[in-house]
Amino acid sequence: MTAPGVNLKINGDRLWESLMEMARIGPGIAGGNNRQTLTDEDAEGRALFRKWCEAAGCRVGVDTMGNMFATRPGTEPDALPVYVGSHLDTQPTGGKYDGVLGVLGGLELVRTLNDLGVRTKRPIVVANWTNEEGTRYAPAMLSSGVFAGIHTEAWAKDRTDAEGKRFGDELRRIGWEGDEPTGARKMHAMFELHIEQGPILEAEGVDIGVVTHGQGLSWTQITITGKEAHTGSTPMPMRRNAGLGMARILERVDEIACSHAPHAVGAAGHIDVYPNSRNVIPGKVVFTVDLRSPERAVIEDMEARLAAAVKDVCEPMELSYEIEKVGGFDPVTFDENCVKAIRNAAERLGYSHMNIISGAGHDACWINQVAPTAMVMCPCVDGLSHNEAEEISKDWATAGVDVLMHAVVETAEIVE
């Protein structure tokens, strides 16, 4: 297998311009983006991506879950393709780079190969996976999960958002339900570039994270029901305060995660309080506890202790409760050869690099179950993500896509 030459590098200015143009679709209120999955803004972002891919000579296919695949032909059309990509959807208060860098980085490497007339034996496919974030429709990585056979398509399309709108209905409404069977495609390998969403690379002054493993994740939705009552006239001993129950449970979540330091983490991100009125004691709360660790046994221990904590807190307070696991996946070990290709690329190009464990879930975590997969990470300022203040530098982005391109091209095999 021939390695690309060190002079094979992307156009960093063009990559940055593409990132900034995509960021104009679904702008947030503080400099970031709100381009949630299956919204009109998502549809607009998809249309721009398809326009760019077709202009780069790619054929764009869409499957029944809305996953987009832009194919650059190889010299051997029947050879299994090398995939690269991530997601275009964002959090409600998301940044301009989370996911988007991986998709537009894939597009940029295709544009660069076109510019330089570089041909590969295997086709290269740039993917945009639907609903990676999971913020509107739980769980996260929903459509790559269907692709990998983790979820059934019927179950996924029946997911509802906070307004009761079905995933399948919204996918059709925005016009991005394709006719290609989800999961029918076969891959030689897949690579995903992502910002770290953590502080390690920046703190260490390292250009590239070579992702060897991914943390396992468990999402548990907890519903606590008490009794709504007036905050001013209800004596303290007579209250059945669902909000207080949640607060005590969240203290226990912190204790549980800290007991498995330094790699385990836990918190509640999604919280709904009812009726959410200033002078009404909460009669019901619904919240999701996010537990993560690179060790499956640790996740199982934290889940068991969380369930015990809910019981211990709620029963003495005369609160009823329901516990439902609404998402999760086991810790991931990425493919040794794909990881090696990324490490070799960083060394060849002279970028500093280190092994890293991904603390977040990514589409690559599911695709890893059906094809050899690995990830590249670049730093982000202060490790901040899922926030409109999320920021990276043009140099970091360029280095990440350079490494991504070399790993992809080496795996797709250059035609001399």
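1. Start with a cysteine. Cys-314 is buried, and its relative accessible area is 0%. Keep in mind that this is a predicted model.

2. Cys-380 is also worth a look. Cys-380 is buried, again with a relative accessible area of 0%. Which cysteine sulfur is closest to the sulfur of Cys-380? That sulfur belongs to Cys-378, at 7.4 Å. The cut-off for a disulfide is 2.5 Å, so the sulfur of Cys-378 is too far from that of Cys-380 for a bond.

3. The wider count agrees with that pair. By the distance rule, the model has zero disulfides.

4. Now the domains. The domain assignment splits the protein in two. Domain 1 is made of 12–215 and 331–412. Domain 2 covers 216–329. Between the C-alpha centres of domain 1 and domain 2 the distance is 33 Å. Domain 1 brings 14 residues to the contact, and domain 2 brings 15 residues.

5. How much area do domain 1 and domain 2 bury between them? The value is about 960 Å². Carbon and sulfur atoms account for 69% of that area.

6. Three residues deserve a check on the side of domain 1. They are Gln-215, Pro-331 and Trp-366. Together they supply 56% of the area that domain 1 buries against domain 2. No other three residues supply more.

7. What about polar links? Two residue pairs are in polar contact between domain 1 and domain 2, both at pLDDT 80 or more. Salt bridges across this interface number zero.

8. Residue classes complete the picture for domain 1. Its side touching domain 2 has nine nonpolar residues. Four more are polar, and one is charged.

9. To recap for the bench: the interface of domain 1 and domain 2 has zero salt bridges, and 69% of the area buried there is on carbon and sulfur atoms. Cys-314 is buried, and so is Cys-380.

Key. Residues numbered from 1 in each chain as written. Predicted model: local features only at pLDDT ≥ 70, side-chain atom pairs only at ≥ 80, totals over all residues. Heavy atoms only, no water. Domains from an automatic or database assignment. Contact = heavy atoms within 4.5 Å. Buried area = accessible area lost by both parts, 1.4 Å probe. Salt bridge = Lys/Arg side-chain N within 4 Å of Asp/Glu carboxyl O. Polar contact = N/O pair within 3.5 Å; in protein donor to acceptor, adjacent residues only side chain to side chain. Nonpolar A, V, L, I, M, F, W, Y, C, P; charged D, E, K, R; others polar. Buried < 20%, exposed > 50% of the residue type's maximum accessible area, 1.4 Å probe, protein only.
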